[in-house]
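Dear colleague,

Please find below the structure that I am handing over to you. My notes on it follow directly after.

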Amino acid sequence: MRSMLRAVGSVLVLGLLGIALWAMPAGAAPFAYVTDLGSSAVLVIDIATNTVVATVPVGSGPLWVAITPDGTHTYVTNSGSNTVSVIATTTNTVVATVPVGSDPLGVGITPDGTHAYVG
């Protein structure tokens, strides 16, 4: 399990599990973004209450989640539709769908948040 944990700034990504946590500023509730392969959605979970606060429809076969260092956007690879969905975390809505190569699996965000790399 230790090899699956990666800490990047205020984001904790649990390797291949399709989960990303974003620690919001002090006093605000942190959220987990969890892919739901069966429903082609991302579940937004308030980890203070363990409740789903939003369900965001994305492309087919969502697998991997990465959050920008400033916490404003979540990137989700959709292996079934060969796209990456970009979710605005303030509204929990998809603001862009980017076509990529076939079967995208992982996504990583640069520390300055200006680029996303998809494998």
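Strands, written here as β with a number, are DSSP runs of E of at least two residues, numbered from the N terminus. This is a predicted model, in which local features need pLDDT of at least 70 and side-chain atom pairs count only at pLDDT 80 or more, while totals for chains, interfaces and linings use all residues. Residues are numbered from 1 along each chain as its sequence is written, and side-chain values use heavy atoms, with hydrogens and water left out.

I begin with strand β9, where Thr83 is placed. Two strands are said to pair if DSSP finds at least two bridges between them. In that sense, an open sheet is formed by four strands in the order β7-β8-β9-β10, with antiparallel pairing. Its edge strands are β7 (62–67) and β10 (93–99), each of which pairs on one side only. On average, and with direction ignored, neighbouring strands of this sheet are turned by 25 degrees against each other; the axes behind this angle are lines fitted to C-alpha atoms, and angles run from 0 to 180 degrees between N-to-C directions.

Strand β8 (residues 73–78) runs antiparallel to β9 and is joined to it by six bridges, with Val76 opposite Ser85 of β9. On the other pairing, β9 (residues 83–88) meets β10 in the antiparallel sense, again over six bridges. Here Ser85 has Thr97 as its bridge partner in β10, and Val86 has Ala96. The C-alpha atoms of Thr83 and Val98 are separated by 5.3 Å, although these residues are 15 apart along the chain.

How much of β9 is buried? Buried means under 20% relative accessible area, exposed means over 50%, and partly exposed lies in between (1.4 Å probe, protein chains only). Six of the six residues of β9 are buried, so the strand is largely enclosed by the rest of the structure. Thr83, with a relative accessible area of 12%, is one of the buried residues. Both faces of the strand are covered: one carries Thr83, Ser85 and Ile87, the other Val84, Val86 and Ala88.

The turns also deserve attention. Most residues other than glycine have a negative phi. In the hairpin of β8 and β9, with four residues between the strands, Asn82 nevertheless takes a positive phi near 55 degrees. The hairpin of β9 and β10 likewise has four residues between its strands, and Asn92 there takes a positive phi near 50 degrees. A further hairpin is formed by β5 and β6, with four residues between them and a positive phi of about 55 degrees at Asn50 in the turn. Six bridges join β5 (residues 41–46) to β6 (residues 51–57), and the two run antiparallel; within this pair, Leu43 stands opposite Thr55. Asp103, in the loop between β10 and β11, has a positive phi near 50 degrees and is partly exposed at 49% relative accessible area.

Finally, I note one residue in a loop and one in an edge strand. Thr114 lies in the loop between β11 (107–109) and β12 (116–118) and counts as exposed, at 52% relative accessibility. Its C-alpha atom is separated by 9.7 Å from that of Pro69, 45 residues away along the chain. Leu63 lies in strand β7 and counts as partly exposed, at 30% relative accessibility.

With kind regards
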